[in-house]
Amino acid sequence: MERLGENIKLARKRRKLTTVQVSERAGIDRTTLYKIEKGNSSVTIGAYFNVLRVLGLQDDFLKLAADDEFGRKLQDLDLI
């Protein structure tokens, strides 16, 4: 989670957006954005998604758990 938060923070800075701009556009408090950028796991996944959307990274969200290699292996074992 800390790595995700750091990645979000870096993406915001690369776009030269302030915490105020991102939090307002995402519809969250600045405190919540601070928690997101620290990787706080108590923040809702919806808040994380809204920040990713503001940064234009919402498609990255769809990649979460997309490659379920372990699950496919388990499924393949049942097919035998």
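How do the residues of the lining of the second largest pocket divide into nonpolar, polar and charged? Keep in mind that this is a predicted model. The split is two nonpolar, one polar and seven charged.

So much for the classes; here are the names. The second largest pocket is lined by Glu2, Glu6, Lys9, Arg12, Thr19, Arg30, Leu33, Tyr34, Glu37 and Lys38, and its volume comes to about 160 Å³. Helix α3 (30–38) gives the largest share of that lining, with five residues. Both α1 and α3 put in at least two residues each.

Now for the largest pocket. There are about 270 Å³ of space in the largest pocket, and 13 residues line it, with Leu4, Ile8, Leu52, Phe61 and Leu64 the closest to its centre. Here the classes come out as eleven nonpolar, one polar and one charged. The largest share of this lining, four residues, belongs to α1, and each of α1 (2–14), α4 and α5 (58–61) contributes at least two.

Next, the helix packing. Two packed helices are described by the angle between their axes and the distance between the axes. Here are the pairs:

| Helix pair | Angle between axes | Distance between axes |
|---|---|---|
| α1 and α3 | about 120 degrees | 5 Å |
| α2 and α4 | about 115 degrees | 9 Å |
| α3 and α4 | about 90 degrees | 11 Å |

Start with α1 and α3, whose axes are 5 Å apart at an angle of about 120 degrees. Angles of 65 to 115 degrees count as roughly perpendicular, and α1 and α3 are therefore oblique to each other. On the α1 side the contact uses Glu2, Gly5, Glu6, Ile8, Lys9 and Arg12, and on the α3 side Leu33, Ile36, Glu37 and Lys38. By class that gives three nonpolar, one polar and six charged residues. Some of these names have come up already: Glu2, Glu6, Lys9, Arg12, Leu33, Glu37 and Lys38 are also among the residues lining the second largest pocket, while Ile8 is one of those closest to the centre of the largest pocket.

Then there's α3 against α4, packed at about 90 degrees with axes 11 Å apart. That angle makes α3 roughly perpendicular to α4. From α3, the residues Thr32, Leu33, Lys35 and Ile36 meet Ala47, Tyr48 and Val51 of α4. This contact divides into five nonpolar, one polar and one charged. Leu33 and Ile36 turn up here facing α4, and they're also part of the contact of α3 with α1.

Finally, helix α2 (residues 19–26) packs on helix α4 (residues 45–54) at about 115 degrees, with 9 Å between the axes. So α2 and α4 are roughly perpendicular to each other, and their crossing is right-handed. The α2 side of the contact is Val22, Arg25 and Ala26, and the α4 side is Asn50, Val51, Arg53 and Val54. Sorted by class, those residues are four nonpolar, one polar and two charged. Val51 of α4 takes part in this contact with α2 and also meets α3.

Notes:
Residues are numbered from 1 along each chain as its sequence is written. This is a predicted model: local features need pLDDT of at least 70, side-chain atom pairs count only at pLDDT 80 or more; totals for chains, interfaces and linings use all residues. Side-chain values use heavy atoms; hydrogens and water are left out. Axes are lines fitted to C-alpha atoms, for helices over the stretch in contact, and angles run from 0 to 180 degrees between N-to-C directions. Angles under 35 degrees count as roughly parallel, over 145 as roughly antiparallel, 65 to 115 as roughly perpendicular and the rest as oblique. A crossing is left-handed if the near helix is turned anticlockwise from the far one by less than a right angle, and right-handed if clockwise. Contact means heavy atoms within 4.5 Å. Ala, Val, Leu, Ile, Met, Phe, Trp, Tyr, Cys and Pro count as nonpolar, Asp, Glu, Lys and Arg as charged, and the others, Gly among them, as polar. On a 1 Å grid over the protein atoms alone, a cavity is a set of points where a 1.4 Å probe fits but cannot get out, and a pocket is an open set with protein on both sides within 12 Å along at least five of seven lines; lining residues have an atom within 4 Å of a point. Grid points are joined across faces, edges and corners, and a volume is the space filled by probe spheres set on the points.
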